Amino acid sequence: MKFFVYHTPELTPTDTTPDCAVVIDVLRATTTIATALNSGAEAVQAFSDINLLMNVSEQWDANQRIRAGERGGKQVEGCDMGNSPLLCTPETVQGKRLFLSTTNGTRALQAVENAPLVVTAAQVNRHTVVEYLKTQKPETVWLVGSGWEGSYSLEDTVCAGAVLQPFYQDNSDIVGNDECLGAISLYSQWQDRLVELFTQASHGKRLERLALHEDLEYCAKTDILDVLPKQSEKGVLKAS
Ligand code: MLT
């Protein structure tokens with residue numbers, strides 16, 4: 001297996017696909033996706049374009065759908081909720097499809113939607129993703145961070161390091177680009193202080209300003225959900 005880390009959708013190659021793409025948006029899209037599916041959502045359907053989300057979800061029974069839209073950390077007007085994973089309780093999402101559009105995470109998903117295997121990772125389901133990769137052994141794996149509007153983000157990189165570390169400790173040959181080692185080093189330094197790291201990250205500060213500290217704390221929890229969000233058709237993730 002060879003791993004490659006790409007920090008943003010913009011840095012992700014477009015002329016080829018990996019055997020498996022792992023999309024990461026710890027704050028907060030992939031944490032929300034894992035939590036919604038773990039709470040029994042039928043699926044999460046991701047859109048980078050909020051208008052398309054509105055049109056497609058319009059064709060669904062209103063009782064069977066939830067529209068979640070976020071821009072700049074805030075809820076998009078006209079949506080049922082923003083992008084807080086804490087709102088994805090079984091009472092709210094069970095049996096429903098979550099139609100989700102966020103500033104960066106859903107764009108990262110779109111960037112790799114043609115890969116034969118697409119899964120999402122966050123700190124909350126890191127272990128499940130690692131176990132899946134250990135079983136599947138895809139030859140090339142891309143860990144694709146969402147970043148923030150084209151820029152690097154600490155929280156996605158530290159999660160990439162958390163996924164990589166168990167592979168790297170067994171075999172350092174799994175490293176496909178320098179970004180992998182950077183991610184592992186970041187995770188090694190901060191793994192016991194993730195909330196502190198997230199509060200220093202630029203998007204963490206943005207969420208703090210919006211009084212969403214509880215979201216940061218939740219997103220920093222590691223290995224608490226045994227769920228693997230896996231793309232079943234383009235843009236649609238189901239629990240596996
Ligand atoms: C994103 O896609 O940029 C996010 O998940 C932002 C957020 O809701 O915190």
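These notes cover the pocket, the cavities, the aromatic contacts and two strand residues of a predicted model.

1. **The largest pocket.** The largest pocket holds about 170 Å³ of space. Its lining includes the run Gln45, Ala46, Phe47, Ser48 and Asp49, along with Leu52. Thr106, Leu109, Gln110 and Glu113 also line this pocket, as do Lys234 and Gly235. Two elements give two or more residues to the lining: β3 (43-46) and α4 (105-111). The largest share comes from α4, with 3 residues.

2. **Character of the pocket lining.** Which classes of residue line the largest pocket? The lining has 4 nonpolar, 5 polar and 3 charged residues. Among the lining residues are Asp49, Glu113 and Lys234.

3. **The largest cavity.** Rolling a probe the size of a water molecule over the atoms shows where empty space is left. A search of the whole structure turns up 2 cavities of 30 Å³ or more. The largest cavity has about 50 Å³ of space. Asp25, Leu27, Arg28, Glu70 and Asn83 are part of its lining. Thr102, Thr103, Asn104, Trp148 and His203 complete the lining of the largest cavity. By class, these residues divide into 2 nonpolar, 5 polar and 3 charged.

4. **The second largest cavity.** About 30 Å³ of space lies in the second largest cavity. Three elements, β1, β8 (140-145) and α6, each supply at least two residues of its lining. Val5, Tyr6 and His7 are in the lining, and so are Leu143, Val144 and Gly145. Ser153, Asp156, Thr157 and Ala160 line this cavity too, together with Ile24. The lining of the second largest cavity counts 6 nonpolar, 4 polar and 1 charged.

5. **A ring pair across the chain.** A pair of aromatic rings is described by the distance of the centres and the angle of the planes. The structure holds 4 aromatic pairs. In one of them, the ring centres of Phe3 and Phe167 are 4.9 Å apart and the planes stand at 45 degrees, so the pair is tilted. The pair joins distant parts of the chain, 164 residues apart. Phe3 belongs to strand β1 (residues 2-6), and Phe167 to helix α6 (residues 154-168). Are these two residues buried or exposed? Both Phe3 and Phe167 are buried.

6. **A cluster and two charges over rings.** Ring pairs also link Phe47, Trp60 and Phe99 into a cluster. Phe47 appears in the lining of the largest pocket as well. Two arginines sit over tryptophan rings. The charged end of Arg193 is over the ring of Trp190, 4.4 Å from its centre. Arg206 lies over the face of Trp148, at 3.9 Å from the ring centre. Trp148 also helps to line the largest cavity.

7. **Phe4 in strand β1.** Phe4 is placed in strand β1. Beyond its neighbours within four places in sequence, Phe4 touches Thr140, Val141, Trp142 and Leu143. Further contacts of Phe4 are Gly176, Asn177 and Cys180. Ala21 is 17 residues from Phe4 along the chain, and their C-alpha atoms are separated by 9.6 Å.

8. **Thr120 in strand β7.** Thr120 is in strand β7 (residues 117-121). Why does Thr120 count as buried? Thr120 counts as buried because its relative accessibility is 0%. Leaving aside neighbours within four places in sequence, Thr120 contacts Val23, Thr30, Ile33 and Leu109. The contacts of Thr120 also include Asn125, Val129, Pro229 and Leu237. One of these, Leu109, lines the largest pocket.

Terms used: Residues numbered from 1 in each chain as written. Predicted model: local features only at pLDDT ≥ 70, side-chain atom pairs only at ≥ 80, totals over all residues. Heavy atoms only, no water. 1 Å grid on protein atoms, 1.4 Å probe; cavity = no way out; pocket = protein on both sides within 12 Å on 5 of 7 lines; lining within 4 Å. Points joined across faces, edges and corners; volume = space filled by probe spheres on them. Helix = DSSP H or I, 4+ residues; strand = E, 2+ residues; numbered from the N terminus. Nonpolar A, V, L, I, M, F, W, Y, C, P; charged D, E, K, R; others polar. Phe/Tyr/Trp six-rings, centres within 6.5 Å; stacked < 30°, edge-to-face > 60°. Buried < 20%, exposed > 50% of the residue type's maximum accessible area, 1.4 Å probe, protein only. Lys NZ or Arg CZ within 6 Å of the ring centre and 35° of its normal. Contact = heavy atoms within 4.5 Å.
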